[in-house]
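Reader: I am new to this structure and would like to understand its aromatic rings. Please take me through them step by step.

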Amino acid sequence: MKNAKIQRITQTAIIAAMYAALTYAQGLLLPGTTTAAIQFRASEALNVLALFTPYAIPGLTLGCIISNIYSIGQGLPLDMIFGSVATLGATTCIYLLRNVKIKGYPLLSMLMPAIWNGIIVGWEIEFFFEHPKAFSFSSFATLGSYVAIGELGVMLVLGTALYYAISKRNLDKRVFK
């Protein structure tokens, strides 16, 4: 029992560390690609891990909080809250939809980060940065679409590759027991 608890905590911590490290590394190597409205945050591909273990949910959420600390220096402390809420919602839905597959592919799960981030982060950008005094739905829809496009790109390219790399090698059964 004690070993199982340690294994869950370790799995959560490793996932959080991987997410934060990938985000920080990308931010250093390719400035702006992890914080712009249209972003291609490679670490978001790790959302796929929620298909294999429920401990990816707190791990990815914590990793998002940690990596968004970097955003504070860029004047975006709100992203620590809103981006993390979007990650929590997306990964929870990914886990809940993990058995829903279209021709063996978890398409609905792969769409969750784009939907959650598009809505929540799109609203955050619109409400706090674009039009803080007069909300504009068309601007929100545009900004939300930009965020969603970046998420779709990551999930459908890198996320899909990671999904197949894990499942084809049965790592889901060996690593995420």
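Author: Rings of Phe, Tyr and Trp count as a pair if their centres lie within 6.5 Å. The model discussed here is predicted.

Reader: How many aromatic pairs does a search of the whole structure find?

Author: The search covers the whole structure, and its total of aromatic pairs is eleven.

Reader: Is the pair of F52 and Y163 stacked or edge-to-face?

Author: The two ring centres are 5.9 Å apart, and the planes meet at 20 degrees. Planes under 30 degrees apart count as stacked, so the angle decides the matter. The pair of F52 and Y163 is therefore stacked.

Reader: How many residues apart in sequence are the parts that this pair ties together?

Author: F52 belongs to the loop between α1 (2-29) and α2 (56-72), whereas Y163 belongs to helix α5 (residues 137-168). The pair therefore joins parts whose separation in sequence is 111 residues.

Reader: Is Y163 buried or exposed?

Author: Buried means under 20% relative accessible area. The value for Y163 is 5%, so this residue is buried.

Reader: Which residues do ring pairs link into a cluster?

Author: Y163 also forms an edge-to-face pair with Y164, at 5.1 Å centre to centre and 65 degrees between the planes. Y164 is partly exposed, at 31% relative accessibility. The cluster linked by ring pairs consists of F52, Y105, Y163 and Y164.

Technical notes:
Residues numbered from 1 in each chain as written. Predicted model: local features only at pLDDT ≥ 70, side-chain atom pairs only at ≥ 80, totals over all residues. Heavy atoms only, no water. Phe/Tyr/Trp six-rings, centres within 6.5 Å; stacked < 30°, edge-to-face > 60°. Helix = DSSP H or I, 4+ residues; strand = E, 2+ residues; numbered from the N terminus. Buried < 20%, exposed > 50% of the residue type's maximum accessible area, 1.4 Å probe, protein only.
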